[in-house]
Amino acid sequence: VKEQCKAYDVSGEWPKEIYEKAIEMQLHSLEVPEEYGGPGLSRVDVAALIEEMAIADAGFATTISASGLGTKPVLIAGNEEQKKHVCQKIIDGGFGAFCLTEPGAGSDASAGTTTAVKDGDEWVLNGRKCFITNGGIASFYCITAMTDKTKGVKGISMFLVDAGTPGLSTGNEENKMGIRTSNTCDVVLEDCRIPAANLVGEEGRGFSIAMKTLDQARAWMGCVATGIAQRGINEGIAYAKERVQFGKPVIKNQAMQFKVADMEIKTETARQMVAHALTKMDMGLPHSKEAAIAKCYASDIAMEVASEAIQMFGGYGYSREYPVEKLLRDAKIFQIFEGSNEIQRIVVANNTIGR
């Protein structure tokens, strides 16, 4: 997979055959609850598998994890019929997508202008979402839209829209710096009509559902970032054992060993923070602060460890012939999406001060 993904990193194509293999192995349905046909694994168990995927390729792991993100609003607030619907879509080989971000609504997710207007027994959606992971390949979308502009964030609702619904289209596929094996594009809604039954949860609860979704999803992004860091350690050590300078492998130098130790300390700390946040989720305990810390810390150290891995390779680390420059490109987005790290620090501060 590593070598295949290396080629797709250059081309920017979506590696359909790799994901077909993942579907065959049921890797895409890890987060589907057991009662809806999933494997029934704990979140910590799933994290171990997601991290291994991320070690091979962060874009691949992001696609798998973001599909779970697309199901979370329904699993959090949907009715039984909706839960069965999205889980079956996943089991059958589909992917989910979560649509919150808009061109004018990034960190301020409440500033979205996508609307949903009730018309008889239907909702009519209009607007544009951007930077949507899995946007071009999803089987269904969970989409936030304003149903009552006079109520601010309490006027936002959540909707379930199947791919292929008239009025829903995708466009402007992003030519990204990293995670290039993950599809990212705009999702456009033009008089998109859906049944009234596709409202997820109660009207006006969409923003709350989205925030609860992100509270869960952030730890998973920390998990993928940890995988990037672990790949950096693996590659750096392997190269430093082979590279001979001044008559001995460079790994024999204490300066190099201390560098590896610092990389390992940071990566293991990130891994344990992710596990802690996911354990609290599994136990049904509050986890907003812990998930924000896991995402923020893991993404910050992924950048640091990837940079150090490049340093361990010397000049070769800067070359695309070697694997580590890709890690730095992949790592950067984890400081930005699922809530920028500045937003994560606000979440942590609010939870700490409020307590």
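## The largest pocket

Helix 6 (206-242) gives the lining of the largest pocket its largest share, five residues, where helices (H or I, at least four residues) and strands (E, at least two) are DSSP runs numbered from the N terminus. This is a predicted model, in which local features need pLDDT of at least 70 and side-chain atom pairs count only at pLDDT 80 or more, while totals for chains, interfaces and linings use all residues. Residues are numbered from 1 along each chain as its sequence is written, and side-chain values use heavy atoms, with hydrogens and water left out.

The largest pocket has a volume of about 950 Å³, and of the 38 residues that line it, T101, I336, F337, E338 and G339 lie nearest its centre. A pocket here is an open set of points on a 1 Å grid over the protein atoms alone, where a 1.4 Å probe fits, with protein on both sides within 12 Å along at least five of seven lines, and lining residues have an atom within 4 Å of a point. The volume is the space filled by probe spheres set on the points, which are joined across faces, edges and corners. By class, this lining holds 20 nonpolar, ten polar and eight charged residues, with Asp, Glu, Lys and Arg counted as charged, Ala, Val, Leu, Ile, Met, Phe, Trp, Tyr, Cys and Pro as nonpolar, and the others, Gly among them, as polar.

## The second largest pocket

The second largest pocket encloses about 290 Å³ of space, and among the 18 residues lining it, E31, P33, R43, L75 and Q216 are the closest to its centre. Helix 4 provides the largest share of this lining, five residues, and helix 3 and helix 6 each supply at least two.

## The nonpolar core

The largest nonpolar core, a set of buried Ala, Val, Leu, Ile, Met, Phe, Trp, Tyr and Cys residues joined through side-chain atoms within 4.5 Å, has 58 residues, of which I50, M53, I64, V224 and F334 touch the most other members. Its largest share, twelve residues, comes from helix 8. Leaving out residues up to four places away in sequence, I64 touches Y19, A22, L27, H28, I50, M53 and F95, contact meaning heavy atoms within 4.5 Å.

## A buried aspartate

D330 belongs to helix 9 and is buried, with a relative accessible area of 2%, where buried means under 20%, exposed over 50% and partly exposed in between (1.4 Å probe, protein chains only). Beyond its neighbours within four places in sequence, D330 is in contact with A58, G178, I179 and I228.
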